[in-house]
Structures are given as structure tokens and as C-alpha cells.
Amino acid sequence: MDAFLSLFANNEIFTPSTLLHYWDGLVTTVHLVFLSLLLGLFIALPLGILQNSKSWWINKPIWLFVYIFRGTPLLVQLYLIYYGTAQITGIQETIFWAVLSEAFYPCLIAFVLNTAAYTTEIIRGSIETTPKGEIEAAKAYGMNYWQSLRRVILPNALRRALPAYSNEVIFMLHASAISSVVTIVDLTGAARDIYAKYYAPFDAFLFVAAIYLCLTFSLIFMFNKIEHKIMAHTKPIRHS
Amino acid sequence: MKKLVSFLAIALAATSMSLFADGHGHGEKLKLKIAVDVPYEPFEFKAPDGSLTGFEIDLGNAVCAEIMAECEWVIQSWDGIIPGLLARKYDLIFSSMSITEERAKKVLFSDGYYITPSAWFGKADMNVDVTSKDALKGKKIGVQRGTIQDTYVTENFGSVADVKRYTTADDLVLDLTGGRTDLVFLDFPVGESTVIKKVEGYAAIGEQIQLGEAAGAAFRQRDTELAEKFNKALKKLKENGTYDAIMKKYFAYSIKV
């Protein structure tokens, strides 16, 4: 801790203007990660459910999507979507360019597709591991497939998926650091600017690592709270 | 099992012997690792066969031959090139580094070995006054992170324009020709060979601007002896015509200082 504080004693680097630069980076990171996760979840939920479908023309395309995006590095996906698309002749004249010309959207698309693939797999897995008894009980009550999915299978599956999903959220936060390679000034981008300006790798990156740590721990804390709440019915009853 | 053990033993002995032989054979020769940021055409870039080539590679090799050193080129991205030198990942930087006061606080510079102006590059039909803050308002400007061009653009237009910083010069050019940036600010010969000569419809915009002093090799502050040796060799090459021969290979004009 002392070592960390001593970084601030040397105030050549951490001036108001560099701190503001880090702040802008923080805003960009949170913005990017939050949107990616939200849209990713939105895509993954139906895909995860549909992947348990028995007809192959529904589950095979989804399997392929998940296979490709989990099987390749996010950095490669980002390069393809950012630099690759700009090389397609004539794309600058199409309506897609409105989205692709800014660095933010290609990056968002890569992140959304990537997190959607991982989340699909998490949801598929947790639906698949629903205890047989629960499904049989739903059937015994006369529920059809959609009713049992909505009332029994999904609520329990999503509860069980939460720990794995909280990991995905944290991975996404950390993976967002690569957005700095396509000129986005996120937290890591800000750190790289400061690093290049003052030639001080320790100061620039330790500071940014500390911010990532704070973000990660707030996320873990939040997920613990949620988990505690929605899993309350599985805990032993406390007698007062 | 026994076979495996004896095989490993032999393999180990063979490697350590070869290491020993290697260390022994060239023990006398000075070994230098030189950092270079690639690509930065025409100063350093990869030939189609993958080998390193360019003005600085040739000049660097000539200096190495002059001081009887065995040199190894290390490719290092620009934004980490000074920290890498200070961390002793290599012994010197020979990569178009302009001599500035700010950098001289961290590294020891050799004498300058070339000087070039910087220039703006963009679409040839673009009509924009690159000296005016108003004209550049809202424009997307690409620069390479941590270069003197980055500092110039940030200081003069950082408040009004959208400055995009790239790690390598080729990504920077890719985004200009792809249409993601309106203008880039680059070392003139680099822009000349990567933008004007390679892509149609692009040109230098406005006047060339002379930033900073000449480019120099950068050493760690305490390596004064090595820097001295280097300066002597460089001076000799400038006088005996080797420098001019190398320069003519890559430039139609003089960049000599």
C-alpha cells in the first residue's frame, strides 16, 4: 500500500489532466462492457434455449456460432471486424459504414458476439442439467413445454447459471482492455497514452490495474448479493 | 525408462556443449541488440521474403561492421521502445527517434544521423487549411502514439479535433485509406512511401513542418562509451561515402545532417 501511495508523491505524472484522461477511459470501459453484456445476454437467452431444440437445423447453426466465437481469440475477431471490414471494396458507400466508421461500434459488435457465444453455452448447459424430476413434476401438473420452460426450467436454470455468468462478466471486463488496439481510449488505452508520454510503465499500468481491481471487486460483491438473494430458498432454514 | 534417461542426458550434454562453444567462439566480439519499430517505411520495413530492410537497417548494419559488433535487430512497438531500453531488453534504439529534450532526460542520444520534415496526408482533393484550428475542428486525425507528431497534434489541435492514436504506422495508414480518419500527420518520407506511392488519390496536404532536431540513436544514460564508439563510426561512414550510398538507395533527396 505504501508503495502504491508513493506513486502519487511523484506528481509529475498524476496531474489533473492525466487523471481526467483516466476518468474518460473508465467511462468508456464501463460504457462498452455494460452495453456488450446487455446486448450479449439479450442474444444468448433465446439461443441458449433454442440450442436444446431437437431439430438439427435449429441447434446446428447455433452450435456453429458458439463454436466459432469460443474457438477463436477475441483479438482476432476484433481485427477481422475492425480492419477486415474496412478493406471490403465499396463498403464506405453503403449504410453499414455509418456503424463501422467509428471505432466504438466494430468493437462493440465483436464484444457482443463473443460474450453472446459464451453466455449461450452457459445457459444451454444449465438448462440441460435441469433435474428430470422438476420436468416430470411440471408435466404432471399438466403444463405444456412452454409453460414448464417459463415457470420451472428457466427460473431454476438461470439461478444455477449465475456463478458461471458472473465469471463471464468479469472476463468481459478484462477482455475489454484489447479495445485499445483499435484506437479506443478505454482504461488500458489511457494507460498506454500515459505510458508513452512519460515512459513510466509501472506508474501508468499499476494505477490502471488498481482501477480494474476495484471494478472487479464491486462486480463480485454485487453478484454475491444477488446470488444470496435468489438462492435463499436452497439454504437451510434458520430458526430464531 | 533407462533409454529415455540416457537420451535426455545426451541431449542435455549436447545443448550445453553447443552453448559453451558458441559463447567461447565469439567471446571477444561485442554483441549488441538494436530495437527498431517495424514497419516504418522506408526507414525499416519487411521485404516480401520477410527479411528486415530499409535505410536504418542498412545504416545500422554498416555501423555494426565498423565497430566490429555482432548486431541483432529486435522488433519493438514504438510506445514501449524507451521503457524497453531502460529495462535492458536491448542496448540501443535505432529507429528514427527524433532528439527531444523530453526524451534526453531518459536516454542518451548519439549525434543526429538524418533529418526529415513531418507532413499532413489525406485525400488529394481535400481542401483544408492544416494550420488553422477552425479548419481542423471535428476532423479525425491519426497519429502514431508517442511520436513527436503525436505531441505536435495533441498540443495544437487536441482540444478541437478527434485525435486517434495508433500503435503502429501501418494500422494508421490502413485507417486513413479505409476512410476512418480524415488526415494523418506523419514523418514525410514515411507518408510518401506508405500513403502517396501505395494508394491512389492521396497526397500531402499543406506545407511540410520541421519538428524537433535530427534523429539519433538512443542509449542508456550510463553507456557513454558505447555511444562514443557509435558516434565515431557514424562520422566515418558519413565521410567515406557509405552513408551517401545507403541514402541514395532509399531517397531521391538528401536527409543527411
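Which side chains meet in a salt bridge with a separation of 2.6 Å, N to O, across chains A and B? They are those of A:D193 and B:R145, where a salt bridge is a side-chain nitrogen of Lys or Arg within 4 Å of a carboxyl oxygen of Asp or Glu.

## About the model

This is a predicted model, in which local features need pLDDT of at least 70 and side-chain atom pairs count only at pLDDT 80 or more, while totals for chains, interfaces and linings use all residues. Residues are numbered from 1 along each chain as its sequence is written, chains are lettered from A and ligands numbered from 1 in the order in which they are written, and side-chain values use heavy atoms, with hydrogens and water left out.

## Where chain B meets chain A

In the interface, 20 residues of chain B are in contact (heavy atoms within 4.5 Å) with 23 residues of chain A. The area buried between the two chains is about 1900 Å², with 46% of it given by carbon and sulfur atoms; buried area is the accessible area, for a 1.4 Å probe, that two parts lose on being put together, summed over both. Of the area that chain B buries against chain A, 32% is supplied by B:P83, B:R145 and B:R180, more than any other three residues. Four salt bridges are found across this interface, and the structure holds 17 over all chains.

## The two domains of chain B

Chain B is assigned domain 1 (27-115 + 214-250) and domain 2 (118-209), with bounds that come from an automatic or database domain assignment. The centres of these domains, taken over C-alpha atoms, are separated by 26 Å. Between them they bury about 1200 Å², 56% of it on carbon and sulfur atoms, and B:Y40, B:E41 and B:W78 supply 44% of the area that domain 1 buries against domain 2, more than any other three residues.

Two salt bridges are counted between the domains. B:E41 also forms a salt bridge with B:K198, and the closest N and O atoms of that pair are 2.6 Å apart.

## The largest pocket

The largest pocket holds about 790 Å³ of space. On a 1 Å grid over the protein atoms alone, a pocket is an open set of points with protein on both sides within 12 Å along at least five of seven lines, a cavity is a set where a 1.4 Å probe fits but cannot get out, and lining residues have an atom within 4 Å of a point. Grid points are joined across faces, edges and corners, and a volume is the space filled by probe spheres set on the points.

Among the 26 lining residues of this pocket, A:K197, B:D150, B:T151, B:T154 and B:E155 lie nearest its centre. Helix α5 of chain B gives the most to the lining, with six residues. Domain 1 and domain 2 of chain B both give residues to the lining, so the largest pocket lies between them.

## Enclosed cavities

A search of the whole structure finds three cavities of 30 Å³ or more, and the largest has a volume of about 210 Å³. Its lining is made of 23 residues, with B:Y40, B:S96, B:S98, B:Q149 and B:D187 nearest its centre, and at least three residues are drawn from each of the two domains of chain B.

The second largest cavity contains about 60 Å³ of space, and its lining includes A:A196 and A:Y199 together with B:W78 and B:P83.

Key: Helix = DSSP H or I, 4+ residues; strand = E, 2+ residues; numbered from the N terminus.
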